[in-house]
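Good morning, colleagues. I would ask you to look at the model on the screen while I go through the ligand site, the overall fold and two backbone features.

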Amino acid sequence: MKNISVNIDNIKEFATINEVIELQNEINSNHKSLMNRTGKGNDFLGWIDLPGETDKELIASINQVATRIREKAEIFIVIGIGGSYLGARAVIEALSNNFEFLRNRDNNPLIVYAGQNISEDYLSELLEILDNRDYAMTVISKSGTTTEPALAFRLLKNHLENKYGKEEARNRIVAITDKSKGALKKLADNEGYQTYVVPDDVGGRYSVLTPVGLLPIAVAGFDIEKLIAGASEMQRLNAVTSSIQDNPMAMYAAARNVLYEKGKLIEILVNYQPNLFYLTEWWKQLYGESEGKEGKGIFPAGVNFTSDLHSMGQYIQEGQRILFETVLSVDNPKNEVKIPYDEDNLDGLNYLAGRRVNKVNKMAELGTTIAHIEGGVPNIRIEIPGINEYYIGQLIYFFEMACALSGYILGVNPFDQPGVEAYKRNMFALLAKPGFEKETEKIRKKN
Ligand code: PA5
């Protein structure tokens, strides 16, 4: 079976392949630091061996709980933010029908999300919908103290208890959090919720292959064993070699850093399949939160082609030359649609009759790549044989490992996120949260 692979032929006009290969020593030592757990943030490397070591009993338990939820709920709410939200959504949306919300809901709950914003309209509209629907939910927070999911959970728990009574509500909530600490753990223990643990040594944005991602993905009806099998294959491949030419994760990490050194400060992840939108969102979080620190880091952006060729396409072609693109190039879509012949041919499309829509999409991809290279935008291509659990699993591990290698090349700790505290401090000060009295006084004087 083919694996996902990386093609850097289209960076040649901007950087030589030799310049990429010159990073081999650095890659070797970073790879070694990761595998031997000796580098920065080494207490958060549990994700490296995770796929191959996933406990069979855990999988069985998650599948069992998921089946129970699928039988009783029309809607399943996933409450979480950042790494406790994006991984599950990325996988579910990638694998789902593009029109999932219109499909029959028999034993197939619609997955909706909460706790990823603080919009009163969003929450109020969700609560209104839930008045007339059967639902269940999971609340996911590694720290167990994050404000956004805690607030959403308080509202939804209240609604659920009013609707079903406390006893039945308990059967409809699954908590995923730390094994021993945090407000959510305490609440889950007090209420007796079904609980899964986020391992200590796996940070939020690297946690999609723990119950954080696996439970929602299983409830959505996807095969989590195949997802893990795909990730395990990448884990195996990475463990065998750190050679840039043989390890696609090493190649991607090296190539993007060479381009960064040449002033390409923004990386745009490009997809031609709308159901990869949230994969891009997950990737943006993974790379943005892991690398953007100490005044360094490639800025991760995303576009959805061909839609955005009619908006951002102009900037990419002719705007500031600080961009490079990484294309998620899918070989085989899940479905086949042929373009019909039309007697009148008023739209002039008969030259395409009998050909697959995917052929047109592929030519749009090639044409765009050529145009953007000519416009000064280097192009890395990630070749994905198809969109299914196995290849999405490969892609997850691929991006996680490449991100860790890349962060080490930059010289940062890819496993912390000190910068996200600043907004929280101000928000708590402005809301006069107990314990933040000094900050409240300070911020009120200034603003
Ligand atoms: O990657 C990370 O660590 C963060 O994005 C977290 O996942 C996010 O802040 C949510 O944290 P928690 O799961 O503790 O609620």
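A backbone N or O atom of Lys-142 lies 2.7 Å from an oxygen atom of the ligand, a polar contact in the sense of a pair of N or O atoms within 3.5 Å. This is a predicted model, in which local features need pLDDT of at least 70 and side-chain atom pairs count only at pLDDT 80 or more, while totals for chains, interfaces and linings use all residues. Residues are numbered from 1 along each chain as its sequence is written, and side-chain values use heavy atoms, with hydrogens and water left out.

Two side chains also approach the ligand through N or O atoms: that of Ser-143 is 2.7 Å from a ligand oxygen, and that of Thr-146 is 2.5 Å from a ligand oxygen. Taken alone, the ligand exposes 380 Å², of which the protein buries 87%; these areas come from the Shrake-Rupley method with a 1.4 Å probe.

Which residues come nearest? Of the 13 around the ligand, they are Ser-84, Ser-141, Ser-143, Thr-146 and Gln-285, where being near requires a heavy atom within 4 Å. The shell divides into one nonpolar, nine polar and three charged residues, with Asp, Glu, Lys and Arg counted as charged and Gly among the polar ones.

Turning to the fold, the chain comes to 18 helices and 10 strands, which are DSSP runs (helices H or I, at least four residues; strands E, at least two). Its radius of gyration is 23 Å, close to the 22 Å that the globule rule gives for 447 residues, so the chain is as compact as a globular protein of that length. The radius is taken over C-alpha atoms, and the rule is 2.2 Å times the number of residues to the power 0.38.

Finally, the backbone. A cis peptide bond, with omega about 10 degrees, joins Phe-305 and Thr-306; Thr-306 is in the loop between strand E8 (299-304) and helix H14 (312-318).

Conventions: Polar contact = N/O pair within 3.5 Å; in protein donor to acceptor, adjacent residues only side chain to side chain.
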